Amino acid sequence: MSSSPAAHPLSADAAPAGDLLEVTGLVKHFPITRGLLRRTVGHVRAVDGVSFRIAPGETVGLVGESGSGKSTVARLVLRLLDPTSGSIRFDGREIAGLSARELAPLRRRMQIVFQDPVSSFDPRMTVCSVITEPLEAQRISSGRAARQRAGELLELVGLSAGDLDRYPHQFSGGQAQRIGIARALATDPRLLVCDEAVSALDVSVQAQVLNLLRRLQRELGLSYLFIAHDLNVVRYVSDRVCVMYLGRIVEQGPAEALLADPRHPYTQSLAAAIAADPRNPTRRRRGVVRGETPSPSDPPSGCHFHPRCPHAFDPCRDVEPAAVAAGPGRTASCHLLGEADRA
């Protein structure tokens with residue numbers, strides 16, 4: 001779904017050469033405290049050494065079960081959370097250690113679209129106020145100019161400027177999500193983080209919102225970090241896919257190649273959860289893994305997936321697998337990959 005930015009009155013400036021976002025060795029551990037003195041007795045290893053990149057105009061899908069750390073990664077990338085360690089380079093600049101004041105001018109260039117937009121809106125605010133709030137907060141525009149921009153943004157996402165004085169609760173779920181997208185676009189960002197942005201919508205509405213996101217990417221040259229648990233949705237929108245399990249990326253690569261022939265047993269289990277595809281008998285033979293995801297406060301040793309993996313053998317229990325080549329532009333972290341896969 002990559003495309004070059006097209007000329008548009010709301011387009012971002014030309015993106016720089018190289019990756020727009022580069023995440024390296026990202027870690028986030030939340031302390032577990034007990035007692036009156038709130039002593040730290042352990043840590044929740046929510047994100048445990050994640051690395052990926054997003055090029056200008058590219059969509060990277062981040063998939064995995066609930067509790068895999070996807071949303072934590074999103075909030076770290078946007079610096080809504082401070083990382084424990086690791087590097088986050090946005091637009092060529094390291095932002096992992098920046099203060100809130102240093103981050104302020106960068107925040108307009110990276111925005112988020114939430115799963116439930118209505119819960120993120122102040123119910124006392126009109127649609128106009130919802131969209132113009134970031135414009136005023138970033139001192140981009142105010143008053144009549146901000147209202148005019150809000151109307152343009154509503155029309156860009158398929159609504160009407162006549163809706164500006166209505167309230168978000170008066171809209172359907174799909175329309176409310178369009179308002180959320182309009183608000184995210186208000187500051188003219190380069191990167192949108194879509195955190196389960198369509199998972200709460202009906203299937204037909206999902207398709208409409210996904211098509212909207214694709215159109216906006218073509219017109220505005222946007223890059224997306226698209227977080228979801230539905231592989232069909234991820235396949236439709238993504239150029240590349242990163243698969244997360246218990247705080248780690250276990251496989252990543254081009255979307256079509258990775259989802260047509262997943263190499264890591266966990267990715268295979270996610271693919272098996274999709275309805276059987278008559279054109280892909282390999283998928284029908286692979287079963288869905290059993291058991292629950294272990295707690296990130298006490299992850300298994302070695303490969304985190306080994307307690308649920310039907311192919312686990314001795315090294316999996318003790319040695320953390322390194323990411324190795326699994327095809328053109330692909331890597332997977334699995335001891336099962338043979339020398340032919342590593343070449």
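Visitor: Leaving aside its neighbours within four places in sequence, which residues is Pro 299 in contact with?

Guide: Its partners are Arg 45, Leu 246 and His 304. Keep in mind that this is a predicted model. These pairs are called contacts because their heavy atoms lie within 4.5 Å of one another.

Visitor: Where is Pro 299 found?

Guide: Look in the loop between helix H11 (281-285) and helix H12 (314-318). Pro 299 and Val 44 are 255 residues apart in sequence, yet their C-alpha atoms are 9.0 Å apart in space.

Visitor: Why is H5 called oblique to H6?

Guide: Start with the angle: the axes of helix H5 (residues 143-156) and helix H6 (residues 173-185) cross at roughly 130 degrees, coming within 9 Å. That angle is what makes H5 oblique to H6, because 130 degrees is over 115, where roughly perpendicular ends, but not over 145, where roughly antiparallel begins. The crossing is also right-handed.

Visitor: Which residues in H5 meet which residues in H6?

Guide: On the H5 side you will find Arg 149, Leu 153, Leu 154 and Leu 156, and on the H6 side Ile 179, Ala 182 and Leu 185. Sorted by kind, the residues of this contact are 6 nonpolar, no polar and 1 charged. Arg 149 is the charged one, because Arg counts as charged while Leu, Ile and Ala count as nonpolar.

Visitor: Now the sheet. In what order do its 8 strands come?

Guide: This open sheet runs E6-E7-E8-E3-E9-E10-E12-E11, with mixed pairing.

Visitor: What makes strand E6 and strand E11 the edge strands?

Guide: Each of them, E6 (110-113) and E11 (323-327), pairs on one side only. From one strand to the next, the twist averages 20 degrees.

Visitor: How many bridges join E11 to strand E12?

Guide: There are 4, and the two strands run antiparallel, with E12 covering residues 330-333. Two strands pair if they share at least two bridges, so E11 and E12 qualify. Along them, Ala 325 stands opposite Thr 331, and Val 324 opposite Ala 332.

Visitor: What does H6 touch when it packs on the sheet?

Guide: H6 touches E6 and strand E7 (191-195), and its direction makes about 170 degrees with that of E6. An angle over 145 degrees counts as roughly antiparallel, so H6 and E6 fall in that class.

Visitor: How do you know that E4 and E5 pair, which run antiparallel?

Guide: Strand E4 and strand E5 (residues 93-94) are joined by 2 bridges. The cut-off is at least two, so they meet it. Phe 90 has Arg 93 in E5 as its bridge partner. These strands form a hairpin with 2 residues between them, and Asp 91 in the turn has a positive phi of about 55 degrees. The hairpin of E11 and E12 also has 2 residues between its strands, and there Gly 329 takes a positive phi near 70 degrees. On top of that, 5 bridges join E4 (residues 85-90) to strand E1 (residues 21-34), again antiparallel, with Val 27 opposite Ser 85.

Visitor: What is the mean pLDDT of the protein?

Guide: The mean is 87, and 89% of the residues reach 70 or more. Over residues 1-16, though, pLDDT stays under 50. Residues 281-285 are below 50 too. Since pLDDT is the predictor's confidence from 0 to 100, residues 1-16 sit in the lower half of that scale.

Notes: Residues numbered from 1 in each chain as written. Predicted model: local features only at pLDDT ≥ 70, side-chain atom pairs only at ≥ 80, totals over all residues. Heavy atoms only, no water. Axes fitted to C-alpha atoms, helices over the stretch in contact; angles between N-to-C directions. Parallel < 35°, antiparallel > 145°, perpendicular 65-115°, else oblique. Left-handed = near helix turned anticlockwise from the far one by under 90°.
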